[in-house]
Amino acid sequence: MLSRPGLRSPRLRNVSLSPQRRLLNHFITHPAEPIPPPPSSSPSPKTFTLAVKDNIATTSPTLPTTCASAILSKSYTSPIEATIITQLRARGAVITGKTNLDEFGMGSHSIYSHYGPVSQDNPLQTSAGGSSGGSAVAVANGEVELALGTDTGGSVRLPAAYTGIIGYKPSYGMISRYGVIPYANSLDTVGFLSREISPIKELIVGERGLWKEHDSNDPTSLTEPARKRCAAQRKGYHGQGHAGELKGLKFGIPLEYNIAELDPQIRDAWAAAAKRLQDAGARIVPVSLPTTKHALAAYYIIAPAEASSNLAKYDGIRYGVRDTHASSDAAAGGVLYASTRGKGFGEEVKRRILLGSYTLSSEAMNNYFIKAQRVRRLVRRDFNRVFALDNPLQERETFELSDLPEEVEMEDKWGPEEVDFLLCPTAPTLAPKMKEVMEQQPVDAYMNDVFTVPASLAGLPAISIPMRVTAEGAAGLQLIGQYWDDARLLDVADAVGTELRTSRA
């Protein structure tokens, strides 16, 4: 079932979609007339088409913000426009519609939507990934040149891997979150999806690069002096691009990412990609990220905890549609908003609210939330130890040599060899069939994030590029860089993608 007709408002039904696109269910709102960029006194920029994930606020009455949730299904129109929307419209973005997602961004397959699941083919056969599945499908089908998503634990990179496109998560604090409906504030990052890296690179580090722009409305946006200080320690922000040269670069292969659940086809493709880069002059270095095995568990404590706090405002009084059909508040245990929240939120959102509320309770906080934050610090430390570049926001830490696995070779007496980027799969499996996804237990789906969560916990830039696995399908190859090394990451990812395409030719 692709939609729930009784729950959609008249405005949301008034969309302009072909039968094929409607069956994919990747747009929630798709106005007949796209929203053009605002008039500008400066020379008109080159326009490009943009799809926006429906948890990013837009002010146009034809583009309500629903977060794919029944609690906002009465076409909530935001009084503010997200900063990233304002920035992209000033750069020529023509908004074509708002895309479907897992409700409030909580999911890995875009199936937990009030408006029905998203699929990348017709009929509903193959998962598009989540939670930014609608944006990924819009790009993969060639309907837009660029799409916005949000990446909390892999919600941009995972759909990109499943649909065979580019999915980029910037360094945390680079892109403003103002106007993004929050899931987990310390993890949420606006991400970009495209079929090519060049338009993303132009937006991030071009002449009017977004990396330069601090937003005073967002307390997590890096200040202008901090941005300049970080960029001064990096290449690529002032015109000195990497020029696509792979020779001499060191790519780390995290030993802990070679998990038992990794699909053998993806493992072979990962090894083949590393061999191809080695043949192109790069160095492949085994590295150890020992806290990786705890990262997923830590993420699914921290993210739901923050979500339970963020979603408390949806009570039908301050935000959200109030349930007016309940006979009385007494029917809901005497709690004013219990019926509203019970009917307005989907099962996965309620599951995470309950989990987060428990881990923040006085009896559980020390055993869960505090320990998860300690794990997060260790995950960040692991990354800082393996990268050749220092994290400009933190002090450098060295390895305890006794903790190193035998497979990691010492470069000198001070420790193992340091690398420029990490190279790993984006997801442990190929895009699953929708039937398999629907039959999974909710916790089983959480495993899809095992390779994407660590970079999110550490706030590092990461990008997924297509990697051919079978004659029929592709998977994602993920590159992770040190904090604020986004410019070089985009350059190198472009070069790696070109190298992999050349090897298949």
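This passage describes a pair of strand contacts, a surface patch and the cysteines of a predicted model. In this predicted model, local features need pLDDT of at least 70 and side-chain atom pairs count only at pLDDT 80 or more, while totals for chains, interfaces and linings use all residues. Residues are numbered from 1 along each chain as its sequence is written, and side-chain values use heavy atoms, with hydrogens and water left out.

Strand 11 spans residues 421-425; strands (E, at least two residues) and helices (H or I, at least four) are DSSP runs numbered from the N terminus. Five of the five residues of strand 11 are buried, where buried means under 20% relative accessible area, exposed over 50%, and partly exposed in between (1.4 Å probe, protein chains only). Strands pair if DSSP finds at least two bridges between them. Strand 11 runs parallel to strand 7 (residues 250-254), with two bridges, and G252 stands opposite L422. With strand 13 (residues 474-480), strand 11 is antiparallel and shares four bridges; here P425 faces L477.

A nonpolar patch of about 270 Å² on the surface is formed by I317, L336 and Y337. Patch residues have over 30% relative accessible area and no salt bridge (Lys or Arg side-chain nitrogen within 4 Å of an Asp or Glu carboxyl oxygen); nonpolar side chains are joined within 5 Å, like charges within 9 Å. Areas come from the Shrake-Rupley method with a 1.4 Å probe. L336 sits in the loop between helix 9 (292-310) and helix 10 (338-344), and counts as partly exposed because its relative accessibility is 36%.

Zero disulfides (cysteine sulfur pairs within 2.5 Å) were found in the whole structure. C67 counts as buried because its relative accessibility is 0%, and C230 is buried with a relative accessible area of 0%.
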